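I opened this notebook page to record what I looked up, one topic at a time. The entries follow the order in which I worked.

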Amino acid sequence: MQSDNSTLDSYWMPFTANRDFKAAPRLVVAADGHYYRSEDGRQIYDAFSGLWTSGLGHCHPHIADAVRAQVAELDYAISFQVGHPKAFELAHRLADLAPDGIDHVFFCNSGSEAADTSLKLALAYHRAKGEASRTRLIGRERGYHGVNLGGISVGGIVPNRKAFSGALLPGVDHLPHTFDLGRNAFSRGLPKHGAHLADELERLCALHDPSNIAAVIVEPVAGSAGVLPPPEGYLQRLRDICTRHGILLIFDEVITGFGRVGAAFAAERFGVTPDIINVAKGLTNGVIPMGAVLVRAEIYDAIVQGPPHLIELFHGYTYSGHPVAAAAGLAALDVYEEDGSFAQARVLEPVFEEAIHSLADHPKVIDVRNIGLMGAVELSPGPDGPGARALEAHKLCFWEEDLMVRNGGETLQFSPFLNSKPEDIQRTFTSVRRALDRVQ
Ligand SMILES: Cc1ncc(COP(=O)(O)O)c(C=O)c1O
C-alpha cells in the first residue's frame, strides 16, 4: 500500500528535511543483499551499505538466524550485577580483533553513546591515576562523534552544534580540520599535505599545559563531514604528541571499523594504535543497535580498583551488552572472518578508486576523495544555495537510477558493500554521472 502523506506526519525524522521528504517520500519496505525494495516495488541498489552500517549486505542469513534464535531464547537480560555469556564472548572476540594492548570492552547502544562513554572513561582514568586536573578534551573541526552533548562538544560540524551552544561542555578545544582543497584536491588515498596540522596539538599543550588535558578524539578518516582521509603521517604525529604528554588518544572508528578501510580497524590499516577505539554500526552489520568502547588494559586496571564489592565505574546502560545485539555481533564477526571480508574490501579498493575518480572530469565536481571503501564526490554549489545540488542528486538517483546515494552538505558519499560486485561499483558511478548531468 502506498502511504498517503497524512500518515507520515507524526514521525519527526532525524537529520532529514522533514517537509521536503513528506512532500515526496522515499520509502523502502524490504531489503535483501545489495538491494532495497522501494514502496513502489523497485529494486534500489544500495551504494551506501545502509548508513555505513551494513558492509555484509542486508538481511544476511547467518545474522538473521542468530537474531531469530536469540530473541526466542533470551530476549533480554538485566545488565547490572548480572550477565549473560554472549556479551562476554563478544567482548573477548573484539579484544582479539583489536590491536595488541587493547583488550577490554564497554558496551553501549550507538556511536553517540560510544563517544560520550569514551570521554567519560578518559576522565575517570586520569582521576583514578591521581591526575584529576586532566579534564580538557580536544576534538577536531569537521569531526563527527554523534549527537549527544559530549559528542557535539568535541565534534566540529557547525549545524550540529549551533542550536545547542549554550549546553556544550566547557574546556574543549578543536584541532584544525585537514581538508585542503587547494593542495589535496582529487587525492587518491591519503593526501600528501597536512601532517603538520597535528602539531596544533603541541600548541594546545603549550597553551593549557598537558597536565590539564585528558584526551584527544578524532575519526581516523572523518566520515560524516564528507570523507576526509588523514594526510600522510598525520595520525602518527598525533599519536607521538599524545604519548609524549600522557594524553589519551581516542579513535572514533564507528565508520572505519570492521573492514571499511580494508582492515579490522583503521588503527591497523594506518599502523597507529590509539588508547581507546569506539565502534558501532558494522559491529552488528547494522542489524541491531550496538556500540562499544575498546580500551587498553591500563585504563581498565586503573579504574577497576577499590573494595571488590563496590561498583568501580558509575556508568552503563539498560541495554549494555543486550543479548540480541550480542548475538548479532557474534554472527557478524563470524561472517567477517569466514568470508575474509576485510581483505575482500582491500581487493575492491582499487576498483572503487578508479570508478569514483571517473567523475573527476565532470563540470559540477570539484573534488573526489577515497580510502578503503569510503569515498566522496564534492560538488560545486548550485544556484539553489548550499546543499541543494547534492540533495537533488540523491533524489534523482533514488527515483530515476534506482540507486541509494547519501548526500551531506555539498558531497555525495559512497560506502560500497565489502562484498560488492565490481560491475555494480562501476555502474554506480555511471548512474551518478547521469544524475549530475541533470541537476541544477
Ligand atoms: C564517527 C562517528 N561517531 C559516532 C557516530 C554516531 O553514531 P550513532 O548515530 O549510532 O549514534 C557516527 C555516525 O555516523 C560516526 O560516523
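**Entry 1. The seven-stranded sheet**

In which sense do β4 and strand β10 pair, and over how many bridges? I noted beforehand that I was reading a predicted model. I found that β4 and β10 (residues 291-296) pair in the antiparallel sense, with six bridges between them. As one point of register, I recorded H104 opposite V295 in β10.

I then followed the sheet outwards from this pair. It is an open sheet of seven strands, and I wrote down the order β4-β10-β9-β8-β7-β5-β6. The pairing in this sheet is mixed. At the edges I found β4 (102-108) and β6 (172-175); each has a single partner strand, so one side of each is left without a neighbour in the sheet. From one strand to the next, the twist averages 20°.

**Entry 2. Helix α4 and its surroundings**

I next asked which strands α4 lies across. The helix lies across β4 and β10, and its direction is at about 135° to β4.

I also looked up how α4 meets another helix. Two packed helices are described by the angle between their axes and the distance between the axes, so I noted both values. The axes of α4 (residues 85-97) and α13 (residues 323-339) come within 9 Å, and they cross at roughly 35°. The crossing of α4 past α13 is left-handed. On the α4 side, the contact is made by K86, A87, E89, L90 and R93. On the α13 side, I listed P323, A326, A327, G329, L330 and L333. Sorted by class, this contact has seven nonpolar, one polar and three charged residues.

**Entry 3. The four-stranded sheet**

I turned to the other sheet on my list. Four strands form this open sheet in the order β1-β2-β3-β13, and its pairing is mixed. β1 (28-32) and β13 (403-404) stand at its edges with a single partner strand each, so one side of each has no neighbour in the sheet.

I then checked the register of β1 with β2 (residues 35-38). The two strands run antiparallel and are joined by four bridges. The bridge partner of A30 in β2 is R37, and that of A31 is Y36. The hairpin of β1 and β2 has two residues between the strands, and in it G33 takes a positive phi near 60°.

**Entry 4. Two domains and their contact**

I took the domain bounds from the domain assignment of the protein: domain 1 is 5-60 + 340-438, and domain 2 is 64-339. Over C-alpha atoms, the centres of domain 1 and domain 2 are separated by 26 Å. I recorded 35 residues of domain 1 in contact with 31 residues of domain 2.

Which elements give two or more residues to the side of domain 1 that touches domain 2? They are α2 (49-52), α14 (341-357), β11 (365-371), β12 (374-379) and β15 (411-414). The most comes from α14, with eight residues. By class, I noted 12 nonpolar, 17 polar and six charged residues on this side of domain 1.

**Entry 5. The shell around the ligand**

Last, I looked up the residues around the ligand, of which there are 14. Those that come nearest are S110, G111, S112, G146 and V254. Helix α5 (residues 111-128) gives the most to this shell, with three residues. By class, I recorded five nonpolar, seven polar and two charged residues in the shell.

Terms used: Residues are numbered from 1 along each chain as its sequence is written. This is a predicted model: local features need pLDDT of at least 70, side-chain atom pairs count only at pLDDT 80 or more; totals for chains, interfaces and linings use all residues. Axes are lines fitted to C-alpha atoms, for helices over the stretch in contact, and angles run from 0 to 180 degrees between N-to-C directions. A crossing is left-handed if the near helix is turned anticlockwise from the far one by less than a right angle, and right-handed if clockwise. Two residues are in contact if their C-beta atoms, placed from the backbone, lie within 7 Å. Ala, Val, Leu, Ile, Met, Phe, Trp, Tyr, Cys and Pro count as nonpolar, Asp, Glu, Lys and Arg as charged, and the others, Gly among them, as polar. A residue is near a molecule or strand if its C-beta atom, placed from the backbone, lies within 6 Å of it. Two strands pair if DSSP finds at least two bridges between them. Domain bounds come from an automatic or database domain assignment.
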